[in-house]
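I opened the notebook to look up two things: the pocket lining and the disulfide. The entries follow in that order.

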Amino acid sequence: MEEEQMRIGMSAAALTALASIFALAGPGLAADLVIAEPNWPSGRATAHIVSAAIEREFGLDVETRELGTLTAFAGLDSGEVDIHPEVWRPNLDDLIKRYAADRGSVTVSLFGVPAWQGLCATPDAAAAGLRDVKDLSDPEKTAILDTDGDGQGEMWVGAATWSSTGIEKVRANSYGYAKNLTLVEAEEDVGMAAVDAAVATARPMVFACYAPHHVFKLHDIVRLSEPDYDRTKWNIVSPAEDPLWISKSSAPVAWNIAHFHIAYATALATKRPEVAAFLEKIDFTPAEITAMTYALQVDRVEPEALAAQWIGAHEQRVKGWAKP
């Protein structure tokens with residue numbers, strides 16, 4: 001009995017000692033920086049390239065963490081996240097106002113990669129007469145987009161977590177085609193697989209699109225024409241202010257010119273000023289972003305391998321970003 005108690009006591013002591021070791025080691029295992037990894041191809045690519053470049057140039061341990069945009073901004077604000085590699089404007093201007101302008105906890109880099117957003121058609125959809133946004137309000141024309149036999153066409157409008165997806169719903173209501181099209185929300189991998197399948201089988205498809213993106217290198221995609229952007233007609237209610245923002249918003253015009261920027265916690269300028277300065281110098285081009293997404297989605301290169309390849313091919317440029 002005494003021997004059994006001694007064994008239990010020794011085991012408990014060993015576990016306590018082991019727990020103490022892990023407790024002491026825990027902080028040392030934490031990464032020096034955390035980069036949010038978005039759930040779209042260019043965001044994944046830039047997250048890993050920026051991460052690998054920082055590790056290489058500054059000798060820091062960087063963790064890439066898959067996070068939604070809202071969670072990432074909250075992390076930038078709280079200090080749990082240091083960098084978001086791809087913040088789209090005007091999509092996220094509401095979050096930028098809240099965290100950058102009002103709270104001052106987030107800084108958005110000055111450089112932005114030129115981009116655009118809109119609606120696109122596969123070659124067969126364009127050939128069938130779907131070339132302008134007004135064509136989507138004609139149920140006779142959109143009947144060819146019906147894939148489930150319910151008599152109503154479908155259109156992919158983006159992932160459920162994207163801010164642009166809600167705005168595309170607003171645009172569908174404003175233009176009027178929400179009445180005769182089912183707006184489908186799904187992750188981008190699902191949406192792009194549908195585009196690939198539609199092109200391969202000569203099935204017409206219309207979908208929300210943006211550039212830079214590999215789909216334009218892969219297929220002969222046609223962008224639908226729309227009325228030019230008009231600031232007076234683009235009235236988007238803040239989602240943070242009203243849960244019914246989609247029904248209360250209106251946008252019967254094209255998107256404004258877009259850019260995407262790197263954002264980082266303002267505290268990083270004090271915590272790691274050399275990294276903050278580095279981030280401000282990063283200047284990806286639209287062609288480079290397209291090539292990155294093509295490598296990930298078509299060539300199936302792993303993000304880590306893509307980052308190593310890209311940095312190896314642009315070594316002097318990356319070193320230039322890192323110079324004081």
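Entry 1, the pocket. I sorted the lining of the largest pocket by residue type and got 22 nonpolar, 13 polar and six charged. Here Ala, Val, Leu, Ile, Met, Phe, Trp, Tyr, Cys and Pro count as nonpolar, Asp, Glu, Lys and Arg as charged, and the others, Gly among them, as polar. The model is predicted: local features need pLDDT of at least 70 and side-chain atom pairs 80 or more, while totals for chains, interfaces and linings use all residues. Residues are numbered from 1 along each chain as its sequence is written, and side-chain values use heavy atoms, without hydrogens and water.

A pocket is an open set of points on a 1 Å grid over the protein atoms alone, where a 1.4 Å probe fits, with protein on both sides within 12 Å along at least five of seven lines; lining residues have an atom within 4 Å of a point. I noted α7 (163-175) as the element that gives the most to this lining, with seven residues. Helices (H or I, at least four residues) and strands (E, at least two) are DSSP runs, numbered from the N terminus.

Entry 2, the disulfide. I looked for cysteine sulfur atoms within 2.5 Å, the cut-off for a disulfide, and found one. Cys 120 and Cys 209 form it, with sulfur atoms 2.1 Å apart. The pair joins distant parts of the chain, strand β5 (residues 113-121) and strand β8 (residues 206-211), 89 residues apart. I also checked the turn about the S-S bond: it is 75°, and the link is right-handed.
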